[in-house]
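Student: I've got a model to look through and a few things I'd like to ask about it. Can we go through them one at a time?

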Amino acid sequence: MMLDRLAADNDGTDAAAGSSPVDIRTLVTDHHREVFRYAYRLVGRQDDAEDLTQQTFMLAQQRLSQLRHPDRARGWLFAILRNCYRKAVSRPMPLAATGLALDVDSIPDTVAGQTFDQETLQAALDALSDEFKLVVVMFYFEQRSYKEIAEQLQIPIGTVMSRLTRAKSRLRACLLNPSGHSQGRRGTAP
Amino acid sequence: MSERRHFEAIDACRPNSDDLRQPEMADLAEALQVDPRLGSNYQRSQEFDAIVVRMMPDLPVPDGLEERLLLALTTSQDADRESREAGEWFDDNCRTKGQAVQPRAAREHVPATARDGVGRRPRGRRWAWTLAAASLVAAGAVAAVLVLAPSFTAIEPRADEQLPREILAWVDAVVREGWNTDFEAERVRRRPLDLAVRATPRRWCSIRTRYDPQTAVYDVSSRDADFALAFCMDAPVRTSLLPEIPPWNPQPATGGLTVGVWRRGNLVYVLACRGGTRRYRELIEGTSLIG
């Protein structure tokens, strides 16, 4: 299974392992907040994020023996979550191509002074197609490098870089020029 | 490196990281030194990314989430244990019956051939051999019926003491399977949600049960902490007197669930929810008679 392979290869797990040095209750206590927040960034709704969080820990419980390095539990849980999410989403939303040079140049001179609220940020994320959203959340939330993202998602590095650029162009357009872009909302911030 | 590639490389650099020192970024690092416009873009991109990185995890977590997760995990463990116990019971019983039949068949066969020897069998002996073979076949058939009968007769879930135990295993299967929101799928059309259920399904999935390998499961929960699932199975052969409408009086099940079972034509429905009889009746209100 892809889930097993991803977990075994990239997140300190061992598919042939017999037992894990951590128990699931500890994982829940230590990581449920981060897992929920990560899920929320992907699905944009509190109830769906809770469901995704629960599904993640249920699967983690079943595969707990594969987790050999407790210090990498966070990444392992995120990998499970991403797989649950990818399995759940069925209708990818196309993202309109945007002029890359124009978008980069459109960043205001003083970005540091810009502010936008959580609702606007989530709306911008929700407007992204699922494949772009995954890359963006891995980049910003997990702070994964483009190489790690490519490895985790098993896609070429060039594809990751292209998706990052297009998704971030869209984000910048939504967040730094909100009046010029209308975005659909699928949920409200918790 | 083209301008487009430069922009992609800029966007691939994380804020406050050494990404720019990676070998693949050598061209960009060089270009940043000689192209002020590119350098400015890089700086602004880094500032923007730093803001988003700060905001990303800044979300409140719902009250009681940890407790709800731990409860769900405990419930799932209970279901696993009960499924294992049920499986062991089935294996033990099947194995016992199979082993009881085989030695008897062997005993009936061996003496007949041993007595006959290698020469021409007398007519009386041939009749005896035929009779023994017929007995063997009959014994095998009886044994097969004894072993397989439970799986053939259990073609319709019944609201007895077994179903509530199975429900938790089904819930566990739902968790493993994951949800789908495409309500146009063929599997959903073949096993639609009964109109007697007064809730709008949020999502569905298909799981294997021993009654129907493509059992449809609908999430009919309405609130954040709500739990309500409707299972729909294609079970054309009736083996019990299930009501034609949702029973007004449900039965309790393991894991704090409340369960009601009914049949509509060839389809059998199982509604399982948390919140007791009150919540169950909310889900079927106005569609059922007292039963």
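Student: Let's begin with a strand pairing. Which residue of β6(B) stands opposite B:Asp234?

Tutor: Keep in mind that this is a predicted model. Strand β3 (residues 228-234) of chain B is joined to β6(B) by seven bridges, and the two run antiparallel. Across from B:Asp234, the residue in β6(B) is B:Leu267.

Student: And on the β5(B) side, what is the bridge partner of B:Val259 in β6(B)?

Tutor: Strand β5 (residues 257-264) of chain B also runs antiparallel to β6(B), with seven bridges joining them. B:Val259 sits in that pairing, and its partner in β6(B) is B:Ala272.

Student: Which residue in the turn between β5(B) and β6(B) has a positive phi?

Tutor: These two strands form a hairpin, with two residues between them. The phi in question is about 65°, and it belongs to B:Gly265.

Student: How many residues of strand β6 of chain B are buried?

Tutor: The count for burial is 20 or more other C-beta atoms within 10 Å. β6(B) covers residues 267-273, and it is largely enclosed by the rest of the structure because most of its seven residues pass that test; the number buried is six.

Student: Over to the contact between the chains. Which element gives the most to the side of chain A that touches chain B?

Tutor: The contact takes 45 residues from chain A and 37 residues from chain B. Elements giving two or more residues to chain A's side include α3 (46-62), α4 (73-88) and α9 (157-176) of chain A. The top contributor gives 11 residues, and that is α2(A).

Key:
Residues are numbered from 1 along each chain as its sequence is written. Chains are lettered from A and ligands numbered from 1 in the order in which they are written. This is a predicted model: local features need pLDDT of at least 70, side-chain atom pairs count only at pLDDT 80 or more; totals for chains, interfaces and linings use all residues. Two residues are in contact if their C-beta atoms, placed from the backbone, lie within 7 Å. Helices (H or I, at least four residues) and strands (E, at least two) are DSSP runs, numbered from the N terminus. A residue is buried if 20 or more other C-beta atoms lie within 10 Å of its own, exposed if 12 or fewer, and partly exposed in between; C-beta atoms are placed from the backbone. Two strands pair if DSSP finds at least two bridges between them.
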